[in-house]
Amino acid sequence: MKHMIAALMALAAAAPAISAPVELASDVFVEREQKRADGTVATVLEAPKLVVPGDQLVFVVRYRNVGAQPATNFTVTNPIPRAVAFSGTMDGTEIVSVDGGKNWGILSQLKVVKADGNLRQAVPADVTHLKWTMNQTLAAGSAGKLVFRGVVR
């Protein structure tokens, strides 16, 4: 598991790819349930000190226009670590790749080649990369974030 934690931390430290004068930073958190003193349970996000298969992860990609001019129509591309099965995004506006970033589309329209050579419908666990096309203008100095979820394999 130590190598998995190192891989997750490396992903959080590495900036996803972007196509504009926009700076990116990313973080990864593990979602845990925490019992409060009054007996209720709260969901909290923690730094991933130790993760095990089945742990729910939340990835946050923050973007900020560091240029002097507005940034328009930029894209953000983010790989999914091999140790993580993609499980969704906050907004559903992304397109995905299930072949390492070679081909892109809406998950429901993508196919995966099985070991026997036949095709099957792609599922979230097949996703290798996410891409968001930001069809908006981001003013100089403005910022936003993208959130996606995964499960430790």
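**Note on salt bridges, sheet and pocket**

1. Glutamate 46 has a relative accessibility of 31% and therefore counts as partly exposed, since that class lies between the buried limit of under 20% and the exposed limit of over 50%. The model under review is a predicted one. Arginine 32, at 25% relative accessibility, is likewise classed as partly exposed.

2. Which residue does the side chain of glutamate 46 meet in a salt bridge? The partner is arginine 32, with a distance of 3.5 Å from N to O. Glutamate 46 belongs to strand S3, which covers residues 41-46, and arginine 32 to strand S2, which covers residues 22-35, so this salt bridge ties together parts that lie 14 residues apart in sequence.

3. Arginine 32 also meets the side chain of aspartate 55 in a salt bridge, at 3.3 Å from N to O. This pair links distant parts of the chain, 23 residues apart: arginine 32 sits in strand S2, while aspartate 55 sits in the loop between S3 and strand S4 (56-65). Is aspartate 55 buried or exposed? Its relative accessible area is 11%, so aspartate 55 is buried, the limit being under 20%.

4. Arg32, Glu46 and Asp55 are thus to be read as a group, linked in a network of salt bridges. As a general point, side chains of opposite charge can pair when their charged atoms come close.

5. Another salt bridge joins arginine 120 to aspartate 126. The closest N and O atoms of this pair are 2.7 Å apart. Arginine 120 is partly exposed, with a relative accessibility of 30%, whereas aspartate 126 counts as buried at 15%. How many salt bridges does a search of the whole structure find? The search finds 5, among them the pairs described above.

6. On the overall make-up, the protein has 1 helix and 11 strands. Read from the N terminus on, the order of elements is α-β-β-β-β-β-β-β-β-β-β-β. Of the 153 residues in the protein, 37% are buried.

7. The strands S2 and S3 that carry arginine 32 and glutamate 46 also belong to an open sheet of 5 strands, in the order S3-S2-S4-S11-S6 and with antiparallel pairing. The edge strands are S3 and strand S6 (84-89), each of which pairs on one side only. From one strand to the next, the twist averages 30 degrees.

8. Within this sheet, S4 and strand S11 (residues 143-152) run antiparallel and are joined by 9 bridges. Which residue in S11 stands opposite glutamine 56? That position is taken by valine 151. In general, strands of a sheet pair through backbone hydrogen bonds, either parallel or antiparallel.

9. The largest pocket holds about 190 Å³ of space. Its lining consists of Pro79, Ile80, Pro81, Arg82, Val84, Ala125, Val127, Thr128, His129 and Arg153. How many nonpolar, polar and charged residues does the lining of the largest pocket have? By class there are 6 nonpolar, 2 polar and 2 charged residues.

Technical notes:
Residues numbered from 1 in each chain as written. Predicted model: local features only at pLDDT ≥ 70, side-chain atom pairs only at ≥ 80, totals over all residues. Heavy atoms only, no water. Salt bridge = Lys/Arg side-chain N within 4 Å of Asp/Glu carboxyl O. Helix = DSSP H or I, 4+ residues; strand = E, 2+ residues; numbered from the N terminus. Buried < 20%, exposed > 50% of the residue type's maximum accessible area, 1.4 Å probe, protein only. 1 Å grid on protein atoms, 1.4 Å probe; cavity = no way out; pocket = protein on both sides within 12 Å on 5 of 7 lines; lining within 4 Å. Points joined across faces, edges and corners; volume = space filled by probe spheres on them. Nonpolar A, V, L, I, M, F, W, Y, C, P; charged D, E, K, R; others polar. Pairing = 2+ DSSP bridges. Axes fitted to C-alpha atoms, helices over the stretch in contact; angles between N-to-C directions.
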